[in-house]
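Here are my notes on this one, as numbered points. Have the model open while you read.

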Amino acid sequence: MLGRAVTFALIGLEPRRVEVEAHLRSGEQPSFSIVGLADRACQEAKHRVRSGVQSTLLEWPRRAITVNLAPAALRKEGTGFDLAIALTVLAASDQVPTARLERHACIGELGLDGRIRPVLGTIAAAEGAARAGFGRVLCAVDSSHEAALAGIEAVGVRHLGEAVGYLRGEDEIRPARPSPRSTSPPPQPDLVDVRGQERGRRALEIAAAGAHNLLLAGPPGTGKTMLGRRMPSILPPLTRSEALEVTRIHSVAGTLALGSGLVASPPFRAPHHGASPAAIVGGGVVPRPGEVSLAHRGVLLLDELPEFPRSVLEALRQPLEDGVVSVARVGGRALFPARFRLVATMNLCPCGARGDPKLECVCPLARIAAYRDRVSRALLDRFDLVVAMPRPRAEELSAGPAEASAPVRARVIVAAERLATETPRRTAGASELLDRAVERLPLTGRGRVRVARVARTIAALAGSSEVLPEHVAEALSYRSPAGLASP
Amino acid sequence: MTIRSIRRGEDAYPPLLAQIPDPPSRLWARGEAPLELLRRPAVAVVGARACSGYGRTVARELATEAARAGAVVVSGLARGIDGEAHRGALAAGGATIAVLGCGIDRDYPAAHAELARAIVDTDGLLVSEYEPGIEPAPWRFPARNRIIAGLALATIVVEARERSGALITADFALEDGREVLAVPGEITSALSSGTNALLRQGATPVTRAADVLEALGLDPTPVTQATPDDPAAAAVLDALEAGAASADELARATSLGAGELAAALAMLELAGAIAVEDGTVRRTIAR
């Protein structure tokens, strides 16, 4: 007697089809075993499934039961196989119709009382089911709206009994509707709070419009972090496909609030410098997305950049260049998207007086060198915009309120759309200025490319279809100074 | 690595150096440049290792001007003012001489290894009285300073604290009967206490690049000072007359938008009229 069901395991974000088979043998002592490279959480399914079935007042077959998870070479981890295992055992003992079960993909964890709980990454597993040609997925009711985002009919069930009733055709359950975009974005800090810092605000706007990386350097207490935290408030909303990508990552990472729906606004992540490399870049025995992936399509704020361990900073170079993190593990390679706007802050010296025209820095040279050397030239080169933020004067702080985020965001949206549809071309004068700058200023080849990109964004913000010399000039003023990596 | 040595009494031995009270008996030189370089009119530009942005800008500018007028810039390859002096000369395509307090094959300080190579590649020389292989040691540096002063017609101290090694170089220059110039600084800044003390004792103040060339008896090269025709740039230069300022302070003083101001700053920097360091904008020195 054989039962069969299909579920989907995740390698990183990638769904893999897993066939669950249950075989019941008579004439042996009753037993229950799970084979097919199942990890500890998965082995514990035995207890949950057995209790769940019995709590539902269904019959637990008094036979020798073997459940096989195929392909056996794929490492199975987690609790998402529970529902499929329970239903195959019930199918093998003729308590649910096998034919109908085989048309569904099953995703869910069982409680001892038979209730069905949502699992991480439901949207990604449901996408796997849709791609494999399944018409319906059976899952916890709490995650059915999320599963429906994958473009599949998601049948949400609260309890194993409900699933059985549905499969037997006794109860009809209407598939869930895809969860709506959360209409109102969560309240965000607004630019109206930032007094002065005109140059910093301008650079933030350019970085938002052109998806550039921004480094804010200056004495402590000048509002670098404050400005960085306000970047999400001026970003364009996510497109539908971007929103799906972001939702998928956050679903797998478990940072998606239940029932929060499709993530519509760009995420914001600000990990502390004490976080481990795996937490920031991603990894672990079971590969999980790190902060860089959780910031995908949004903002990653690294406050006090030189305080981050060198290993973390160097590991940032791959995602900054390729927009993706690959985590190699014994079980295979997991790829996590990581295309984010990086906003970083740093002081100019350990004492903090550097960059203040009215103060004198007392740091010994060696300490400044040690401080700045923690950020490598190679990483510094990845910042398109570097802005020194001076200490604002009293008169700036007492000035009237500054421009709020809303009008800035409107300009950013227009410029981003313009950049997406047409690339502003450099005029001859602009190219000439760029050539002259490469000759006169310390500007690497990569630096030149970055200045040209920033100039395009500035042109788009100005509503110009051409990159004019003044756009290149402004872009040049944000280039990373030669002296920042080490004095 | 081309290494040569010159003994005292040989023709190639620099005559100015031969005049000082205790000239080195032997001089080692690294670099391909002809040893004639050691006989050309030279100016020493020295100062503090821990210097301010002001000191860095001035040192670089003075060295550039001197090199452009045909003078050889001599310094000690130390961090700070010394390094900027060499860089300024290189920027003008001029030859520069670095006098070391260790063997000329040692890249000391390590952070200036690349600068040392650039000096050698631009027809400059690294010289020392110590044999190749000799390690740097603190007591060798004052002795090295007598060679810096001895090779130069004039010594300019850009920024120095009260007990700076640069003042030792100035003392040697005075003993040798050479001209000593000092760059005035703010009287409240410890970094300028040494140079201001030199001025009080009668050193020639440097208030423009031409002062240096006069001391050397050279004619300033006619360089058209960048006179900005752009009203935004002109407004920025006006605002900077009152002293160094941050970009935001300039924006307020000139009523320019952040974007316009950024463009004006970049154009002025390209024209060599301003220098920007750590967010502080200052005018470059007048020629």
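**Notes on the sheet, domains and chain contact**

1. Let's begin at a sheet edge: β11(A) and strand β14 (residues 299–302) of chain A run parallel and are joined by two bridges. Strands here are DSSP runs (E, at least two residues) and helices are too (H or I, at least four), numbered from the N terminus. Within that pairing, A:R269 has A:L300 of β14(A) as its bridge partner.

2. A word on the basis: this is a predicted model, where local features need pLDDT of at least 70 and side-chain atom pairs count only at pLDDT 80 or more, while totals for chains, interfaces and linings use all residues. Residues are numbered from 1 along each chain as its sequence is written, with chains lettered from A and ligands numbered from 1 in the order in which they are written.

3. The open sheet has five strands in the order β11-β14-β17-β10-β18 (chain A), with parallel pairing (pairing takes at least two DSSP bridges). Its edge strands, β11 (268–269) and β18 (385–388) of chain A, each pair on one side only.

4. Chain A splits into domain 1 (2–167), domain 2 (191–406) and domain 3 (422–487); the bounds come from an automatic or database domain assignment. The contact between domains 2 and 3 of chain A takes 22 residues from domain 2 and 18 residues from domain 3, counting residues whose C-beta atoms, placed from the backbone, lie within 7 Å.

5. Where chains A and B meet, chain A gives 29 residues and chain B 23 residues. On the chain A side, α8 (198–210), α19 (428–440) and α21 (469–476) each supply at least two residues.

Technical notes. Two residues are in contact if their C-beta atoms, placed from the backbone, lie within 7 Å.
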